[in-house]
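Open the model in your viewer and keep the selection tool at hand. The tour goes stop by stop, from annotated positions to the domains.

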Amino acid sequence: FGRKAVMLSSTQSTQNDVQKLAEEGVAEGAVVFAEEQTGGKGRFGRKWFSPPGKGVWMSVLFRPKLSLQHTPQLTLMTGVAVCRAIRACTGAQAGIKWPNDLLIDGRKMCGILLESTVEDHEVRYCVAGIGVDANFEAGEYPEDLQHIATSLKIETGQPVDRTALAAAILTELEHLYFLYQKEGFSVISSLWEALSVSLDRKVVITNPHGMIEGTAVGLDPSGALIVEKQDGQRELIVSGEVSWKG
Ligand code: BTN
């Protein structure tokens, strides 16, 4: 991974840059980094605050042999890789909130966006976007993010070497992707469960189908979250937003 690497001082979104490379036929593992994004994208069409020099804003190309219903596995794999890299590089006790927000003490310091391009029900390629809040100071967040976001620098008291962190993320991604292809999803699933802060907790899931309350009990083989409702029935959650209850 990273054999084809592009570094940009400013771009709209590294997701679009990698998508363009993918359409030009570059091999998987290609990566684009930016110092700043002017139109950083989050999940559910949200904006991702990406000011210059404060974070690791990067996107990576995958060309997996995968059917569309299994792409959540790649999302979870990316979350595990980034979480491991952050822990190793900074010592921060990052945990994963399903599907793949990384939190420290309940505050988000990293988001992951997986966008898949599909043709005839086959995945042609996936672009994994990773945004790590590395060197923000406490007062540098806009008001709407102040209470929900944090940075590695705020949490550890140490500035982050963003180049070293980006390199560690690529190394972990390559390692886990290899493992995933060789051994299948079960190994990723165990790693994910060990790093998760969502399991064994009362959660509320909001998605276009409504709201589901219950206890998050594990991952199913496709990567969906298993939620046990009060009546004992289990539901599989494929996408949505999780919040805690109690
Ligand atoms: C989320 O939690 O909503 C996902 C945020 C993903 C942000 C990253 S930053 C690099 C890449 N480029 C983008 O425009 N978004 C992703």
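UniProt positions are given here in the numbering used for this chain, and such annotations may be inferred rather than shown by experiment. The model itself is predicted.

**Stop 1: the annotated residues.** Select Gln37 and Lys108. The UniProt annotation "binding site", from an unreviewed entry, covers these residues.

**Stop 2: Gln37.** Colour strand β2, residues 31-37; Gln37 is in this strand. Is Gln37 buried or exposed? Gln37 is buried, because 27 other C-beta atoms lie within 10 Å and 20 or more are enough to count as buried. Now show its contacts, leaving aside neighbours within four places in sequence: Thr11, Gln12, Ser13, Thr14, Ser50 and Trp57.

**Stop 3: Lys108.** Move to strand β6, residues 107-119, where Lys108 lies. Lys108 has 16 C-beta neighbours inside 10 Å, so Lys108 counts as partly exposed. Not counting residues up to four places away in sequence, Lys108 touches Asp101, Leu103, Ile148 and Ala149.

**Stop 4: the domains.** Give one colour to domain 1 (5-195) and another to domain 2 (202-244), as in the domain assignment of the chain. Their C-alpha centres lie 23 Å apart.

**Stop 5: where the domains touch.** Here 11 residues of domain 1 are in contact with 10 residues of domain 2. On the domain 1 side, select α2 (71-90) and α5 (185-195), the elements that give two or more residues to it. Which element gives the largest share of this side? That is α5, with 4 residues. By class, the domain 1 side has 5 nonpolar, 4 polar and 2 charged residues.

Note on methods:
Residues numbered from 1 in each chain as written. Predicted model: local features only at pLDDT ≥ 70, side-chain atom pairs only at ≥ 80, totals over all residues. Domains from an automatic or database assignment. Contact = placed C-beta atoms within 7 Å. Nonpolar A, V, L, I, M, F, W, Y, C, P; charged D, E, K, R; others polar. Buried ≥ 20, exposed ≤ 12 C-beta atoms within 10 Å, placed from the backbone.
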